[in-house]
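Student: Could you give me a close look at the strands in this one, and at what packs around them? I'd like to follow it piece by piece while I have it on the screen.

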Amino acid sequence: MTSPDIKLKNLFDPGPGRIPPLLAGREHEKAFFRDSVDRLTTKVSPRQDMIIYGPRGNGKTALLRYLQEAIQKEAGDKLEISWVTPSQFKDLVQLVGLILGNDQSLFKKALNLFERMFDDSTASANIGMASVKTSLNRSKETLVLEDLLREKSKRKPFILIIDEAHTLQSDMGQVLLNASQNVRAEKCPLLLVLAGTPNLQTILNQSSATFWDRNSIFPLGRLSEKEARKALTTPLESCQVACPEKVAMQVIDRAQCYPYFIQIWGSCIADQLVKTDEREVTLEILTEVEDMAIAKCSNIYVHRFDELNRMGLVPLAVDIGSAFAENDNQPIPIRELEDLVWLSLEKLGKSATHEAVQENMQKLMHVGYIWQISVFDKTTGEIPLLCYEPGIPSLMKFVKGQRRPQAEVNAFLEAFQNRAKN
């Protein structure tokens, strides 16, 4: 039997794509996926495909892994799941090879289909292993993919998960969405899941698959306070560790309800509890682990700041961060934030067209600096108000802290130059 200390020490394991001890929240996503699987296992086509997007660190890949493991336990060999990323395939031929796997009969059928369509039939002999350049138009490629997905899903209900889908070529996104829609329309038990950063929206908009937004779309932002508290306290309670609400809320406040930060704080707390052999999280324990937790969280700040800097977005990010700070980090209506970006671009001497504003806001969303949400507006009844909120409020504070006032910078440079002369 595993000792309580060993279980506690390894309870939280922050890392890219790792499933947390409790996947709190995401109830709509879980319910849709389970409903789709229920339909698949009875050989009924799901109503829609599933599209998930959100900034890094909000648990997209962890959610997919959780769903994959949960369904494989429940459904067993009643269905097949294939998980791929665009880095594994350069074109449709390689993607087909990944989808077919070890199915030799479908593999041979795919060869025959491609050989009839390529000018050089020998080019397809290495299907799934080498990139094949072809002049085929996308409508013909879609027909090939449809044929194979149709037959594969009829043999066994099939789920195709494409993670990091924001790195797809836009025309490949069109092929996938069109093929899936047509196959599902024939009531074949197939589910396509696309997951990526907010840039996935741009890729799909560019794909000319105009219907993509009629699928089930799930934007993943930060957790609610209630969900974040459960993500921290429920795993600790499973190890007979009490975490009073007052203490838990301090952790949640410092973690900003950001899933990755909650795992970092949980890991630091668990390690400290193992050292002290205590079974309650106290304010004293938080004080002990604070430096370590902040240092680990700061790695995210540094990477995001470097990314903003490479993209030339730091001055704009500072202006936006200041606006949110003045608004006590409460949501800002979309039109107001667009106006702010417009004015900031003008102040910086940059193009302030509508397209430039939208492009810069999309880049800030991709980095996870801002995040779009719907807020219930009492003045408009049931009509939601589109707003933006900070992706991570403390990241905005960090970015602003890197921009010293010009007078302070000049004084520093003057002191440095004087010391160099002496």
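Tutor: Let's settle one term to begin with: two strands count as paired if DSSP finds at least two bridges between them. Also keep in mind that this is a predicted model. With that in hand, try β7 and β8 (residues 384–390), which pair in the antiparallel sense over seven bridges. If you want a spot to zoom in on, glutamine 372 stands opposite tyrosine 388 in β8.

Those two strands belong to an open sheet of three, ordered β6-β8-β7, with antiparallel pairing. At the edges sit β6 (332–333) and β7 (370–376), each of them pairing on one side only. Now look for the helix here: α13 (residues 314–326) lies across β6, β7 and β8, and runs at about 115° to β8.

Next, the other sheet. This one is open too, has five strands in the order β2-β3-β4-β1-β5, and its pairing is parallel. Its edge strands are β2 (80–84) and β5 (216–219), each with pairing on one side only. On average, neighbouring strands in this sheet are turned by 15° against each other, ignoring direction.

I'd spend some time on β1. Its pairing with β4 is parallel and takes four bridges, and methionine 50 stands opposite valine 193 in β4. Four bridges also join β1 to β5, and those two run parallel as well; there, isoleucine 52 has phenylalanine 218 of β5 as its bridge partner. What about the two faces of β1, are they covered or open? Both are covered: Met50 and Ile52 on one side, and Ile51 and Tyr53 on the other, are all buried.

Going along the sheet from β4, you meet β3: residues 158–162 of β3 and 190–196 of β4 pair in the parallel sense over five bridges. Phenylalanine 158 is a handy marker, standing opposite leucine 190 in β4.

Two helices are worth picking out over these strands. Helix α3 (residues 60–75) lies across β1 (50–53), β2, β3 and β4, and runs at about 160° to β2. Since angles over 145 degrees count as roughly antiparallel, α3 is roughly antiparallel to β2. Helix α7 (residues 170–185) lies across β3 and β4, at about 155° to β4, so that pair is roughly antiparallel too.

For contrast, have a look at a helix-on-helix contact. Helix α9 (residues 225–238) packs on α10 (residues 245–255) at an angle of about 110°, with the axes 10 Å apart. That makes α9 roughly perpendicular to α10. On the α9 side you'll find Glu225, Ala228, Arg229, Leu232 and Thr233, meeting Glu245, Ala248, Met249, Val251 and Ile252 of α10. Sorted by type, the residues of this contact are six nonpolar, one polar and three charged.

One more helix before you zoom out: α11 (residues 259–276) has 13 of its 18 residues buried, so it is largely enclosed by the rest of the structure. From first C-alpha to last it reaches 26 Å, close to the 26 Å expected. Just after α11, aspartate 277 takes a positive phi of about 60°.

Zoomed out, the chain has 17 helices and eight strands, and 49% of its 422 residues are buried.

Note on methods
Residues numbered from 1 in each chain as written. Predicted model: local features only at pLDDT ≥ 70, side-chain atom pairs only at ≥ 80, totals over all residues. Heavy atoms only, no water. Expected span 1.5 Å × (residues − 1). Buried < 20%, exposed > 50% of the residue type's maximum accessible area, 1.4 Å probe, protein only. Axes fitted to C-alpha atoms, helices over the stretch in contact; angles between N-to-C directions. Contact = heavy atoms within 4.5 Å. Parallel < 35°, antiparallel > 145°, perpendicular 65-115°, else oblique. Nonpolar A, V, L, I, M, F, W, Y, C, P; charged D, E, K, R; others polar.
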